[in-house]
Amino acid sequence: MPTLSITNLPLLRADVARPAYDRDAAGIGVVHFGPGAFFRAHQAFFFDEALAKGGNWAICAAALRSTEVRDALRPQDNLYILAELERETRYRVIGSIKETLAGPGDRAALLDRLANPDTVIVTMTVTEKGYCLKGDGSLDFDHADIAHDVANPLHPVSLIGHLVEGLRRRFKAGTAPFTVISCDNLVDNGHKLGRAVAALAERQDAGLAAWVREHVAFPRTMVDSITPATDDALRVRVASEAGLSDNWPIQRERFTQWVIEDKFCNIRPDFASIGVTLTTDVSAYDRAKLRLLNGPHSTLAYLGSLAGYETVAEAMADADLAGFVRRLMLEDIRPTLNQEAGIDYPAYIDAILARFANPGIRHLLSQIAWDGSAKLPFRLFGTIRERLAAGAPVDHLALPVAAWMRFVRAKAADGTKLTDPLAEALLTIGRACTNDAHRDVSGFFTLDQVFPPALTGDAAFRAALERAYALLGGGVKAALQGI
Ligand code: CS2
């Protein structure tokens with residue numbers, strides 16, 4: 001079977017959509033860090049739409065360490081096929097990525113791209129851990145990559161170090177800055193990123209830091225689209241249904257949403273015309289999505305894995321589990337959201353539950369369970385803290401946190417891989433677990449990067465967590481009934 005490439009585009013099946021613009025003529029105006037599946041399902045799709053309306057919105061996609069994406073996409077002219085999963089799958093070739101860079105080997109080319117005046121937007125999906133932040137949201141100068149970049153600012157290894165060096169070159173050259181758009185699931189993502197970039201710049205040059213604070217825009221965003229990792233089944237399907245083989249196709253649900261704070265320091269596409277919402281206040285969307293989608297997603301990931309399910313849809317087919325998640329959303333999470341924001345929360349909740357239950361999407365719980373120590377603080381702890389402050393019970397909210405602890409403990413016991421930036425510390429804690437809820441919870445509470453004192457010091461939270469942890473000792477079914 002021939003492989004996807006510009007030359008082979010005419011061999012695609014007629015119903016596969018393809019770039020409806022002159023790709024050769026489109027200049028690179030965007031640099032993206034972290035060319036994983038979510039970026040290729042989401043932002044690259046939106047810039048593909050922008051390109052169809054005209055303008056230089058092609059992308060240079062860079063991975064700071066791994067060369068996998070570059071090596072897979074370059075031989076196919078950086079094209080790939082996006083499968084939109086619904087009752088009927090739609091296929092579409094995305095052409096917005098024109099350049100792929102990777103690893104320290106391409107560092108010079110990447111920094112040149114960042115310095116190039118044609119680059120007007122820089123986006124990123126590097127996951128929570130890629131920001132190198134401490135629990136309080138500030139830049140972690142003890143992080144090995146940040147320490148490296150403080151000592152070697154011209155040869156950075158971290159995302160933040162690259163942004164600082166790119167901006168420093170523009171500052172020196174008198175070039176307008178690019179807008180920096182974080183597309184990761186962090187509360188107040190742009191705000192945190194802006195502070196981190198300014199903090200690292202400050203270590204080098206106070207003038208640069210002041211310029212960053214005054215002139216560089218870091219809009220906050222909310223990004224949403226369920227994107228299961230690529231598997232062989234998708235590769236096989238794409239080849240047979242699109243007519244060309246693709247080294248790395250991408251799949252996602254058809255639903256996709258991007259909300260960006262209307263704060264730019266350089267030109268931008270006509271976002272509204274391509275379905276992107278610009279708003280002065282992202283926080284209502286951002287909080288609603290992180291708390292009502294990602295929080296319950298992690299809840300399903302840990303409780304569902306402990307119950308022996310493999311996918312989100314399978315976990316949702318368990319009426320007890322689905323019922324618990326629904327109540328958690330309506331009764332425990334919704335009261336913490338801005339009721340004035342004009343969001344119809346019951347409808348939003350129903351739509352999310354329907355998306356989770358979609359049997360056409362095989363979304364592995366193990367994928368969502370990754371990086372729990374970095375995800376839970378954004379997804380659940382904010383809600384828990386606000387419920388505690390309101391004097392409300394946190395028994396339900398404690399259950400997914402306890403399930404995460406049990407999940408870690410099970411990994412420590414059976415020796416299977418735990419994917420988490422704190423894997424080593426977590427496995428040590430997991431191995432030391434007994435069956436004494438108080439002792440086990442205390443072990444996890446020693447992780448002050450994960451649990452802030454406001455949580456570890458709260459007697460009501462601690463009691464709820466210990467109770468939930470003990471209940472889970474009798475299995476998920478019993479815990480759901482007992483909670
Ligand atoms: C998921 C998210 O893997 C995960 O942790 O919760 O990737 C989720 O699918 C997206 O945020 C949906 O927009």
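A crossing of two helices is termed left-handed if the near helix is turned anticlockwise from the far one by less than a right angle, and right-handed if clockwise. The structure described here is a predicted model, in which local features need pLDDT of at least 70 and side-chain atom pairs count only at pLDDT 80 or more, while totals for chains, interfaces and linings use all residues. Residues are numbered from 1 along each chain as its sequence is written.

**Annotated regions**

UniProt, in an unreviewed entry, places "domain: Mannitol dehydrogenase N-terminal" at residues 29–270 and "domain: Mannitol dehydrogenase C-terminal" at residues 281–469. These positions follow the numbering used here, feature names are shortened, and such annotations may be inferred rather than shown by experiment. Residues 29–270 are 36% helix and 20% strand, with end C-alpha atoms 14 Å apart. Residues 281–469 are 70% helix and 0% strand, and their end C-alpha atoms lie 38 Å apart. Helices (H or I, at least four residues) and strands (E, at least two) are DSSP runs, numbered from the N terminus.

**Ligand shell**

The ligand is surrounded by N185, D224, S225, I226, L293, N294, H297, Q367, I368 and K375; a residue counts as near if its C-beta atom, placed from the backbone, lies within 6 Å. Two elements, α10 (283–306) and α14 (365–369), give two or more residues to this shell, and α10 provides the largest share, three residues. Domain 1 (9–280) and domain 2 (283–482) each contribute at least three residues, the bounds coming from an automatic or database domain assignment. By class, the shell holds three nonpolar, five polar and two charged residues. Here Ala, Val, Leu, Ile, Met, Phe, Trp, Tyr, Cys and Pro count as nonpolar, Asp, Glu, Lys and Arg as charged, and the others, Gly among them, as polar.

**Helix packing**

Axes are lines fitted to C-alpha atoms, for helices over the stretch in contact, and angles run from 0 to 180 degrees between N-to-C directions.

| Helix pair | Angle | Axis distance |
|---|---|---|
| α10 and α15 | about 130° | 9 Å |
| α15 (372–389) and α16 (395–414) | about 155° | 10 Å |
| α16 and α20 (459–472) | roughly 55° | within 8 Å |

Angles under 35 degrees count as roughly parallel, over 145 as roughly antiparallel, 65 to 115 as roughly perpendicular and the rest as oblique. Accordingly, α10 is oblique to α15, α15 is roughly antiparallel to α16, and α16 is oblique to α20. The crossing of α10 and α15 is left-handed, as is that of α15 and α16, whereas α16 passes α20 in a right-handed crossing.
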